[in-house]
Amino acid sequence: AASVAPLRAALMPSAPLPARRHAAWALGQIARQAGRAGGLDPTTALDPLIPLLSDPSPELRAVAASVLGDQRHAPAVKALQGTLVGGSPPMVVREAALALGRIGASESLDSLVAAARSGASSDPILRHALVMGMLGCADAPALMKLGGDVSPGVRLVAVVALRRLERPELAHFLSDPDPAVRAEAARAIHDLPIAAALPDLAGVSDARLSEAPFSRRVVNACLRVGTRESARRLGEIAANERLPEAIRSEALIALAAWPGTAGRDRVTGLWRPLVFQRSDSDARDALRPGLGSLLASPAPALVADAASAAAALQIREVAPTLAALTLDARRPAGVRTTALQALATLEDPSLPQTLDPLFADADPAVRSLALRLAARANGPGAFALLRRVLDTGSDSDRQAAFAGLARLEHPEVAALLGQWMERLLAGTVPPAVQLDLLEAATARSDPGLDDQRRRFRESGASDPIAAYAVSLEGGSAAAGEAVFQSAEVQCIRCHKLWDRGGEVGPDLSAIGRQLDRRALLESVVTPDSRLATGYETVLVTLDDGEVDAGIAVGESAGMLTLRLADGSTVSVETARIRSRDRGASAMPSGLAEILGPRRLRDLIEYLASLK
């Protein structure tokens, strides 16, 4: 109590601003302690802060509002309401709105609405403060009444507040005339989710499907609702030629996922398992009316997605159309392979006849899949076909043949693989298929093949790169690009590729022209053995024992500049350097083990293609 008087004196306008600010905070601390311990009336410490809400200093007004709100000092309500109007600075509006929400006086709602109507809601920080203020001052019915306000800013704040309350009444705002308001309502209903309002989101008009916040959320809402009506809506979206191709493909993918119980939400990425089993017949009935036109579409993505959905839903009557798509050489390879895979999934009796002409198809992807499916079918001629492909086929065909032999049930498979393993030991197997041969041999439980694989490993024991040499050739550049971009290795964080990426490592935009495949493999497998010029790590020990590590990017005028791993730079005086040593590569070791030989092969193929 004895401290209140001198602190009140420190609040006077003649005092320095830092002193006034700290005096206000101190009075708030005293009020808090008084409220806990009894004795001193908190009002004695807080009432002197109310006049500060009209002080010329915005900073002091914000401090006073914050302290009064923390202590939920009801006598300050009217003064706090006054700070929300009249052009107060954003920092003052923010603290006043938060304070009113903590105090929770219902009469403050009009002032908060006026602040939102004046444009404060356009600032995300102020919008959050207004939301918290309204949540403290109003219940759900009062917030719903704001849905009729003429100001989009007011309606937007009301939507966000109702989102925090998880109110299904948010469905009312899905038809709001303002795109920002209805988008926020769609996000709230889908992303939380608000289960009771999901059917409303699933049923919004087609006009909304061209708006980014709606498109995928509407489709996913249909999947999660899981009723016959929502399945029918997906079928209509997929068949609607007036809609963008992307959203039609999304609808087809959702229909294909209908029979499953996938746990990962397709929009948010969160773990949200589907809670009940959907009726496959609902999805089949929804897709059938438009399936023919979808499979005849000139858009390859739609055709492929329609074929996949038909297979997932076991719509067997489309098998002749799928076979025709597979055999149509004018179609893109992606469409043909998807149709062929769908035909195999349906286990259609016509599959063997469809496969026969594909073994000599001009497209390697089609040939490869046909060979794999032939081996999977384990027909009487499968072994002879795969053996013939190994003798006369291209490298990609041989890769498919070895993959087929890995699972083919035939008494002569082990002997055939053994012959090829002897060729591998003799060094006469093409590099592009060596990994595929080893994988096929590993998949068979055969002592002879195990001994040959052991001898192959031992033959390169003295060369640290030899164990990975089977990844030098034969990969997929497209798959390698996905590895390069993946979160698992994140090459793009340290290496620049054309106009984006980090600068810790060298620019890789033309690395395929600068290094051969073995050098690329060596850089990934043993990064310390091959450091790019200008990217050698330097360990600098200073005269006081401090150690800095980075890439030396410049040295002049008695200063050494190092670029650190996070991309920042630091300069040290060369006169203070006691020792300078070569450090390890900034590139992490062990990437080859993380990736495995197949993904490593794809990465090398992609890097080699960068020219």
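Q: Which residues of α11 are buried?
A: In this predicted model, helix α11 is mostly covered, since 10 of its 13 residues are buried. What covers these buried residues includes α10 (152-165), α12 (198-202) and α13 (212-225). The buried residues of α11 are Val181, Arg182, Ala183, Glu184, Ala185, Ala186, Ala188, Ile189, His190 and Asp191.

Q: How many Å apart are the end C-alpha atoms of helix α11?
A: Helix α11 runs through residues 179-191, and at 1.5 Å a residue its 13 residues should span 18 Å. The expected span is 1.5 Å times one less than the number of residues, and the model agrees with the expectation, because the end C-alpha atoms of α11 are apart by 18 Å.

Q: Which residue has a side-chain oxygen that reaches the backbone nitrogen of Ala180 at the start of α11?
A: At the start of α11, the backbone nitrogen of Ala180 has a side-chain oxygen within 3.0 Å of it. The residue that supplies this oxygen is Asp178.

Q: Which residue caps the N-terminal end of α21?
A: The buried residues of α21, among them Val366, Arg367 and Leu369, pack against α19 (333-345), α20 (351-355), α22 (382-392) and α23 (395-407). At the N-terminal end of α21, the backbone nitrogen of Ala365 lies 2.9 Å from a side-chain oxygen of the capping residue. That residue is Asp363.

Q: Which residue with a positive phi follows α21?
A: Helix α21 covers residues 364-377, and the residue that follows the helix has a phi near 55 degrees. This residue is Asn378.

Q: Why does Asp265 count as buried?
A: Asp265 has its place in the loop between α15 (245-256) and α16 (280-295), where Asp265 touches residues including His190, Leu270 and Arg272. Buried means under 20% relative accessible area. Asp265 therefore counts as buried, with a relative accessibility of 3%.

Q: Which side chains make polar contacts with the side chain of Asp265?
A: One polar contact of the Asp265 side chain has a distance of 3.2 Å, and the partner is the side chain of Asn220. Another polar contact, at 3.5 Å, joins the side chain of Asp265 to that of Arg224. The side chains asked for are therefore those of Asn220 and Arg224, because a polar contact is a pair of N or O atoms within 3.5 Å.

Q: Which residues touch the most other members of the largest nonpolar core?
A: The largest nonpolar core has 153 residues, and its largest share, eight residues, comes from α10. One of the residues asked for touches Leu295, Ala307, Ala339, Ala342, Leu343 and Leu346, not counting residues up to four places away in sequence, and this is Leu322. The residues that touch the most other members are Leu201, Leu322 and Leu405.

Note on methods:
Residues numbered from 1 in each chain as written. Predicted model: local features only at pLDDT ≥ 70, side-chain atom pairs only at ≥ 80, totals over all residues. Heavy atoms only, no water. Helix = DSSP H or I, 4+ residues; strand = E, 2+ residues; numbered from the N terminus. Buried < 20%, exposed > 50% of the residue type's maximum accessible area, 1.4 Å probe, protein only. Contact = heavy atoms within 4.5 Å. Polar contact = N/O pair within 3.5 Å; in protein donor to acceptor, adjacent residues only side chain to side chain. Core = buried A, V, L, I, M, F, W, Y, C linked by side-chain atoms within 4.5 Å.
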